[in-house]
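This report walks through one protein model, moving from the chain as a whole to its strands and then to its aromatic side chains. Please keep the sequence and the structure at hand while reading.

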Amino acid sequence: MNRRILTGGALALTAGLALAGCSDASADKASDKPELKVAGAFMPEPVMDTMASGFFTVTNKGGADKLTSVTSSLAQKVTLHSTKGSAMKEQKSFDVPANGELDFARGGNHLMFEELKHKPKQGDKVAVTLHFEKSDPIDIEVPVKAATYNPKPGKHASH
């Protein structure tokens, strides 16, 4: 009888440890989930009728993600670009690092709105949807600013 009690106790302890291991694994998975916020979005008033650029910062307080595409009713297509030195290059995606930021700023990463359906004016707001590999899409309203607008670092308004 003592042997059965010991065996039953050992099985209960093993099951408890296995369940604890499962709950730890699911807690780790939850912390791997991206927590994205977009701030500081703006579009300089375009000088051309066919193209515009856009800028913003994605802040992530969770696991890594990837910005895979951007859509807007303003343009036939919106492409992702990086700038290194004086060379601008189209990108298929951008990594959003875990517990980090993805910054789109003048002279660096940016959006290109191509084949505009109309030319937005200063004071307008442009609807934009950011699409990610893991996270749900994020809809933002991008204010159109003066063509020369360049925000001061750290002056981002959240979306």
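## Burial, surface and contacts

Of the 159 residues in the protein chain, 35% count as buried. The chain exposes about 9900 Å², and carbon and sulfur atoms supply 54% of that area. Among the contacts with a separation of 6 or more, 71% are accounted for by residues that are 24 or more positions apart.

## Confidence of the model

The model is predicted, and the pLDDT of the protein chain averages 85, with 76% of the residues scoring at least 70. Over residues 5–28 the pLDDT is below 50, and beyond near neighbours in sequence this stretch has zero contacts in the model. Over residues 155–159 the pLDDT is also below 50, but here the stretch has 13 contacts beyond near neighbours in sequence.

## Secondary structure and strand pairing

The protein chain comprises one helix and 10 strands, and read from the N terminus its elements follow the order α-β-β-β-β-β-β-β-β-β-β.

Strand S9 (residues 125–132) pairs with strand S3 (residues 65–72) in the antiparallel sense over five bridges, and within this pairing Ser-69 has His-131 in S9 as its bridge partner. S9 is also joined to S10 by six bridges, again with the strands running antiparallel. S9 and S10 form a hairpin with five residues between them, and in S10 it is Ile-138 that stands opposite Leu-130.

S2 and S7 likewise run antiparallel and are joined by four bridges, with Val-58 standing opposite Leu-102 in S7. In a regular strand the side chains alternate between the two faces of the sheet. Along S7 this alternation can be followed residue by residue: Leu-102 and Phe-104 point to one face and are buried, while Glu-101 and Asp-103 point to the other and are not.

## Aromatic pairs

The structure holds four aromatic pairs. One of them joins Phe-42 and Tyr-149, whose ring centres are 4.9 Å apart and whose planes stand at 80°, so the pair is edge-to-face. Because Phe-42 lies in strand S1 (residues 36–44) and Tyr-149 in the segment after strand S10 (138–145), this pair ties together parts that are 107 residues apart in sequence. Phe-42 is buried, with a relative accessible area of 3%, whereas Tyr-149, at 29% relative accessibility, counts as partly exposed.

Phe-56 and Phe-104 form an aromatic pair of the stacked kind, with 4.5 Å from centre to centre and 15° between the planes. Phe-56 lies in strand S2 (residues 51–60) and Phe-104 in strand S7 (residues 101–104), so the pair ties together parts that are 48 residues apart in sequence. The rings therefore connect two strands that are also joined by four bridges. At 2% relative accessibility Phe-56 counts as buried, and Phe-104 is buried with a relative accessible area of 2%.

## Surroundings of Tyr-149

Tyr-149 also belongs to a cluster in which ring pairs link it with Phe-42 and Phe-55. In addition, the charged end of Lys-145 sits over the ring of Tyr-149, at 5.2 Å from the ring centre. Tyr-149 thus takes part in ring pairing within the cluster and has a charged group over its ring, while the residue itself counts as partly exposed.

Technical notes: Residues numbered from 1 in each chain as written. Heavy atoms only, no water. Phe/Tyr/Trp six-rings, centres within 6.5 Å; stacked < 30°, edge-to-face > 60°. Buried < 20%, exposed > 50% of the residue type's maximum accessible area, 1.4 Å probe, protein only. Lys NZ or Arg CZ within 6 Å of the ring centre and 35° of its normal. Contact = heavy atoms within 4.5 Å. Areas by Shrake-Rupley, 256 points an atom, 1.4 Å probe, with all protein chains shown as cover. pLDDT = per-residue confidence, 0-100. Pairing = 2+ DSSP bridges.
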